[in-house]
Amino acid sequence: MKKNKFGALGVYTVLYLAFLYIPVLFLPLFSFNDSIYIAFPLKGLTFKWYEAMLESGPLLNALQNSIELGISVSVISTIFGTLAAKAFTRYRIPGAKPLTAFISIPLVIPLIIMGISLLVVLKSVDVSLSLFTIGLGHVVICVPFSMFVMISRLEGFDKSMEEAAQDLGETPWMTFWRVTFPLVLPGIIASLLLCFTISFDEFMLAFFLGGEEATLPIYMWSQLRFPNKLPPVLALGSAILIASFFVVTFAELVRRRGVQMQSSSGA
Amino acid sequence: MSDESYISIQSLSKHFGDVRAVDDVSFDIRRGEFFALLGPSGCGKTTLLRMLAGFENPTKGEMYIDGQPISGIPPHERPVNMVFQSYAIFPHLTVRENIAFGLRKDKLSKAEMNKMVDESLEMIALPGYGDRGADEISGGQRQRVALARSLIKKPKVLLLDEPLGALDKKLREQMQLELRDLQREVGITFVFVTHDQEEALTMSDRIAVMSAGKALEIDAPATLYERPKTQFCGDFLGTMNFFAGTVSAIGGGEATIQTSEMGQIVSKGPNMDFKVGDSVLAAIRPENVEVSMSQPEGGKGLQGKIRASAFLGDRAHLYVNVEGREEPVLSAMQNLGGTASRMGGGEQVLWLTWSDESMILLPAT
């Protein structure tokens, strides 16, 4: 009985994982294939798409735009998110519940609606579209994520930690650096990574709010029409895949360290 | 400054909005004393402790430590240290780093600091634990690390907020004795907050019993237990039977109380500061109420029936219904040879007796 059950579940698991990962693995596979057509059979091993990627000005430009955008958005959103989380966890704010709900509304509004409405507003106040306007949109959708990450971090934070540091002779400023900051750091890093990821692959808002400068998702979308421009995009995709593998591993390590700390803070 | 009033609390009040958490409290704590602030939750004991530590500012009044007024001095400059209820062990630091946390400003060499921490670990019986992470030690060990971290600062006063509240019963009893020994060894004045009367009785030199922001009585544990001066204190430290009545005769160390429920009660207790006609409570501890199965000689004793009994292992509590009285009279008897555990409920008639010396008088409230 038990064995049968496991067998059925096993098949399901294998199918599920295959569906999840085989398409992703096609990306690096075809990025080394010596043909502009993404089709079997494979023609031969080549690194020329990676060379083409490094030589493609617009592609690298889009990558640079996306990275700059992602960094700015993640830093700004994390600052806002942390402040909001601190306010909600530390102080008694009248109407705290409706306020958190309103801040989190962007999580449930379809991005296409957000995109159009932001576009209407920006146009009506005559702001020209650019990376800056995309950034505004991204901050709006990233702040709630950051806020929830930080709330869960700060809720486990025992206020007597800070008091203990002061009691042991540290000024409020040194207390922040020796106790508060190290304790919330895992939350801040998690928030930065999350917001960066959201901004980095966000398409809808970037499509509506973007000007001349394309972000990476927009650039990739535009290249799909030209078969010969596609393989360098695959090469880039593979490179990003490898990079995100390391980033996610790092983030998970930080998170585990954070979980350990929280469980031991006795709160 | 004197040893008698090493800590002096003078007309201290703390109001939170309309709530008077601490309400015009004045008392002194002696140098080297193990002093307990005892009371139910919300009585203001923790607020008082936090004012001594500097985490709350008094609304009115002043506190002196070793002759120096301390209000307005920020926590990090006060000559006191605190052991927090949660222990507040820094989770991102090792045991060694936790204990050495407060030494940064002392500009010690690495070797000196290590030596101090090692001595400190020795004192709390955790040698070799220095390199453990904060999450690798047990609850009892965390409490010791919190103690060491505070004591290494050599404070004039150590404040402890419910120091044993987070430990299980066995460990708590063990730590009560250890804390007591540690305090004698270091000779530092300890002020600790607790809601556990047993803990306060076991550990302290003196106890301040607090209720509703006031310090009702301050005295040695035995005095407070045997001769409370208020109903609250008698009731909070252990349990007590109270009989309301008026003084009908008093003098020569003896008073007669006329009660509505149980006729006359005679008291030869310590507190005879009453006049004829005063409303009083005659009060007696359950362990001073003796139970006999037959009527004692001389026709003395109060007849009653058992309403309920609670078996506590080493002793049993009997709740005895007495004619004319709504509430049962509580008697505690030693379970010698299993006598108490065989004491059943039901229709069994028994007699309650006590000595007039153990019947004390309290002002009616």
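This text walks through selected helices, aromatic pairs and single residues of a predicted complex.

Start with confidence. The model is predicted. The predictor gives the complex an ipTM of 0.79 and a pTM of 0.75. For chain B, the mean pLDDT is 87. In that chain, 96% of residues reach 70 or more. Where pLDDT is low, the predicted coordinates should not be read in detail.

Now turn to helix α7 of chain A, residues 159-167. Eight of its nine residues are buried, so the rest of the structure largely encloses this helix. The buried set begins with A:S160, A:M161, A:E162 and A:E163. It also includes A:A164, A:A165, A:Q166 and A:D167. What do these buried residues pack against? Both chains contribute partners. From chain A come α3 (57-90) and α8 (172-200). From chain B come α1 (45-53), β6 (80-83) and α4 (139-151). Just after α7(A), the backbone has a feature to look for: A:G169 takes a positive phi of about 105 degrees.

Next, a helix pair within chain A. Helix α4 covers residues 96-104, and helix α6 covers residues 131-155. Their axes come within 8 Å and cross at roughly 135 degrees. An angle of that size falls outside the parallel, antiparallel and perpendicular ranges, so α4(A) and α6(A) are oblique to each other. On the α4(A) side, the contact is made by A:T100, A:I103 and A:S104. On the α6(A) side, A:V143, A:P144, A:M147, A:F148 and A:I151 take part. Which classes of residue make up this contact? Six are nonpolar and two are polar, with no charged residues.

Helix α4 of chain A also holds A:A101. At 42% relative accessibility, A:A101 counts as partly exposed. The C-alpha atoms of A:A101 and A:I188 are separated by 22 Å. Along the chain, A:A101 and A:I188 are 87 residues apart.

Aromatic rings come next. A search of the whole structure finds 20 aromatic pairs over all chains. One of them joins A:F203 and A:W221. The ring centres are 5.9 Å apart and the planes stand at 70 degrees, so the pair is edge-to-face. The pair links distant parts of the chain, with its members 18 residues apart. A:F203 sits in the loop between α8 and α9 (204-209) of chain A. A:W221 belongs to helix α10 of chain A, residues 216-223. How accessible is A:F203? Its relative accessibility is 27%, so A:F203 counts as partly exposed. A:W221 is exposed, with a relative accessible area of 52%.

A:F245 and A:F246 form an aromatic pair as well. This pair is edge-to-face, at 5.7 Å centre to centre and 75 degrees between the planes. A:F245 counts as exposed at 55% relative accessibility. A:F246 is exposed, with a relative accessible area of 55%. Elsewhere in chain A, A:W173, A:F176, A:W177 and A:F181 form one aromatic cluster.

Finish in chain B, at B:T256. This residue lies in strand β12, residues 254-259. Is B:T256 buried or exposed? Its relative accessibility is 15%, so B:T256 counts as buried. Leaving out residues up to four places away in sequence, B:T256 touches B:T246, B:V247, B:S248 and B:A249, along with B:Q264 and B:I265.

Terms used
Residues are numbered from 1 along each chain as its sequence is written. Chains are lettered from A and ligands numbered from 1 in the order in which they are written. This is a predicted model: local features need pLDDT of at least 70, side-chain atom pairs count only at pLDDT 80 or more; totals for chains, interfaces and linings use all residues. Side-chain values use heavy atoms; hydrogens and water are left out. pLDDT is the predictor's confidence in each residue, from 0 to 100. Buried means under 20% relative accessible area, exposed over 50%, partly exposed in between (1.4 Å probe, protein chains only). Helices (H or I, at least four residues) and strands (E, at least two) are DSSP runs, numbered from the N terminus. Contact means heavy atoms within 4.5 Å. Axes are lines fitted to C-alpha atoms, for helices over the stretch in contact, and angles run from 0 to 180 degrees between N-to-C directions. Angles under 35 degrees count as roughly parallel, over 145 as roughly antiparallel, 65 to 115 as roughly perpendicular and the rest as oblique. Ala, Val, Leu, Ile, Met, Phe, Trp, Tyr, Cys and Pro count as nonpolar, Asp, Glu, Lys and Arg as charged, and the others, Gly among them, as polar. Rings of Phe, Tyr and Trp (its six-membered ring) pair if their centres lie within 6.5 Å; planes under 30 degrees apart count as stacked, over 60 as edge-to-face and the rest as tilted.
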